[in-house]
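I opened a new page for this structure today. Below is what I looked up, in the order I got to it.

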Amino acid sequence: MYYGGDYNPEQWPEPVWDDDIRLMRAAGVNLVSLGVFAWARIQRAEGEFDFGWLDRILAKLHAGGIGVNLATATASPPPWASRAYPEILPKDASGATYWHGSRQAYAPTSPVYRRLAAELTGAVAERYASHPAVVMWHVNNEYGCHLHADYSDNAAVAFRAWLRGRYDDIEALNEAWGTAFWSQRYGDFEEVVPPRLAPYSLNPSGLLDFKRFTSDAMLELYRMEKSIIRAAGGTQPVTTNFMGAFEPIDYRSWAADLDLVADDSYPDPADPASFREAAFTRDLMRSLKPGIPWVLMEQAPDAVNWRASNAPKAPGQMAALSVQAVARGADGVMFFQWRQSRSGSEKFHSAMVPHAGTGTRTWKEIVELGRDLAAFPRLSATVDAPVALIYDWHNRWAVENSDHPVRFDYLEVVRQWHAAIHRQHVTVDIRHPGDDLSGYAVVVAPQLYLLTDASAANVAAYVAGGGTLLLSAFSDVVDEHDRFAAGGFTTRLGTTLGLRVRDFGALPIDGTHDTATVTVSLEGASVKGRLFAEELDLADATVIGDFRDGRLQGRPAFTSRKSGSGRAYYLATVPDEEGMRAVTARIFAGTGVRPAVEHLPQHVEAVVRDGHLFVVNHSERPFTPSSPFGRRIEAASEAGDTIAAYGWRVFGPPATS
Ligand code: GLA
């Protein structure tokens, strides 16, 4: 179990380092991410490397028994680099330049940035590839975090090359993008520009490809650095830090290149539901690389600095969120950062060693958590998850384009489904529609607007093979180029569902918050629907709920069809979270999907990892188990155990009799 955080010794005089190592040992720290923003310290000018300080701190850490996740330090080029080579600076869609003076001011496609980053990575890797302290490599940092996309001339050149690779012939691009519309036809790849500021709505297929290109361009950078590390003889695991369901990067397409997945996670302590959102990202991280434990690479020990108001964590909340990550497949709990900075933009960001010192509650909790994690049993990454929830970056990019029947936040809807299932204490994996789904009792696929033929066939085969699918409104609408298929909607999954969607019936919204709703009957109960009230053409699906009001009163809203040895449900609207809970509970009932523990309050979560039951209380209210509970909880209640506010417990596998 890794325990530690980002360590930035370059911000401190060397005498502080010995104190750092003493305190790290006291806290049970066994891994630090070193040098993430140290480019300017390592390289004072082009060709001038200073590794003396890094040699010294690595030696001290090693002597202290602390492993190092060594950064390639390429995340923020120093001012000398952009002064000498202004072409490395990125531009926004209107052509304005992002200057140095903050961080991440580089164009990922700039050949000069790539050369400089490669030289730095090479120098660091050659020097430390076989250093005994180095146990992991931290490539760059949070790719794309601030610069979601670059629209510079470098990007234009690289985008054209990417498009040539994808389409080969410009006519294939014209066909894919539908450029017959609005006189957009390209005669040559050289005419294509990134989706820069334009008078009106940009070509949606072009926007989608630009998103793909941007994600791929950053992946190229990661791959470049990883291959330099390998060429220098570094055999340690290589990773970079993800940011949950971060929109600009398709982490699914990256995961194979990471030896282990690492995530940075900053749930808002002031939001009592943020632990549920955190559960979603932890499930996503686990699902990106099944079977391989991931690492919580960064979280805040207490408050952050970048919200409008930065609430501190409640006593115990930091540990509760950490144990949640472990329960959901993490084998490491790390923080940003080790010692609180005295200056700079993040001086108010909490740290493991707070500015106020070791007499603080934060420090005590850091020491306690280090001790508790060290006592954890070694567990496989297997988490019992009978349900898959579908989340696909390409679908997100396409479904959130403008000019659609109704605007909505895809991620928010996916998270609401996750939360609705999480409230039932059922664990889900987050999967892609092209993944092997055969192991799941139920697959929930919200707003699967963009669906490739291959993914559609995969989902249909899952149902035919005995799976239970819930698909909901605005699904199976376009192909991978954001084009309608010939012959209407639901053309690929219509047979499985036993219906076709005739129109989408957008409901009025007020800004980003949906307002108008429809009522859907659900076996005596009713569910509120929003965003869509679709008109369906039924072939051989059975109606299990209809619209109770609105334009489509009396028309089917919720259907079911047996297909092969499985079953496919279709829901022609987007329920609110309570409705999502009711709908999934109805579906789970027939499939044997059960909660990890019955009758838990909603603020207590229960997850089974490698036969061990984790119970975490994410609220200020203590929780005392009462019957009827599963055997492992009974053991706890017999022992008179109350799980304190933000407390947690881990129960070993039940004894086999
Ligand atoms: C990110 C970065 C860190 C730091 C933290 C602050 O995770 O990787 O360098 O800026 O945010 O929360």
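I began with strand 27 (residues 612-617), which pairs with strand 28 in the antiparallel sense over four bridges. For me, two strands pair if DSSP finds at least two bridges between them. Helices (H or I, at least four residues) and strands (E, at least two) are DSSP runs, numbered from the N terminus. Val616 has Trp648 in strand 28 as its bridge partner.

A note on the source: this is a predicted model, where local features need pLDDT of at least 70 and side-chain atom pairs count only at pLDDT 80 or more, while totals for chains, interfaces and linings use all residues. Residues are numbered from 1 along each chain as its sequence is written, and side-chain values use heavy atoms, with hydrogens and water left out.

Next I looked at the whole sheet around that pair. It is an open sheet of three strands in the order 26-27-28, with antiparallel pairing. Strand 26 (604-609) and strand 28 (648-651) are at the edges with a single partner strand each, so one side of each has no neighbour in the sheet. On average, neighbouring strands here are turned by 15° against each other, direction ignored. Helix 11 (residues 317-327) packs on this sheet and touches strand 26, strand 27 and strand 28 (contact means heavy atoms within 4.5 Å). The direction of helix 11 makes about 155° with that of strand 27; axes are lines fitted to C-alpha atoms, for helices over the stretch in contact, and angles run from 0 to 180 degrees between N-to-C directions.

I then followed helix 11 to another sheet: helix 11 also lies across strand 10 and strand 11 (330-335), at about 150° to strand 11. That open sheet has nine strands in the order 7-6-5-2-1-11-10-9-8, with parallel pairing. Its edge strands are strand 7 (238-239) and strand 8 (241-242). Strand 1 (residues 2-7) and strand 2 (residues 31-34) pair over four bridges, and Gly5 stands opposite Val32 in strand 2.

Last, I checked the ligand. Which residues are around it? I listed those with a heavy atom within 4 Å, among them Asn141, Trp306, Glu346 and His349. For polar contacts (a pair of N or O atoms within 3.5 Å), I noted a polar side-chain atom of Glu346 at 2.3 Å from a ligand oxygen. Trp306 has one at 2.8 Å from an oxygen of the ligand. Taken alone the ligand exposes 300 Å², and the protein buries 96% of that (Shrake-Rupley method, 1.4 Å probe).

How values were computed: A polar contact is a pair of N or O atoms within 3.5 Å; within protein, one must be able to donate a hydrogen and the other to accept it, and residues adjacent in sequence count only if both atoms are side-chain atoms.
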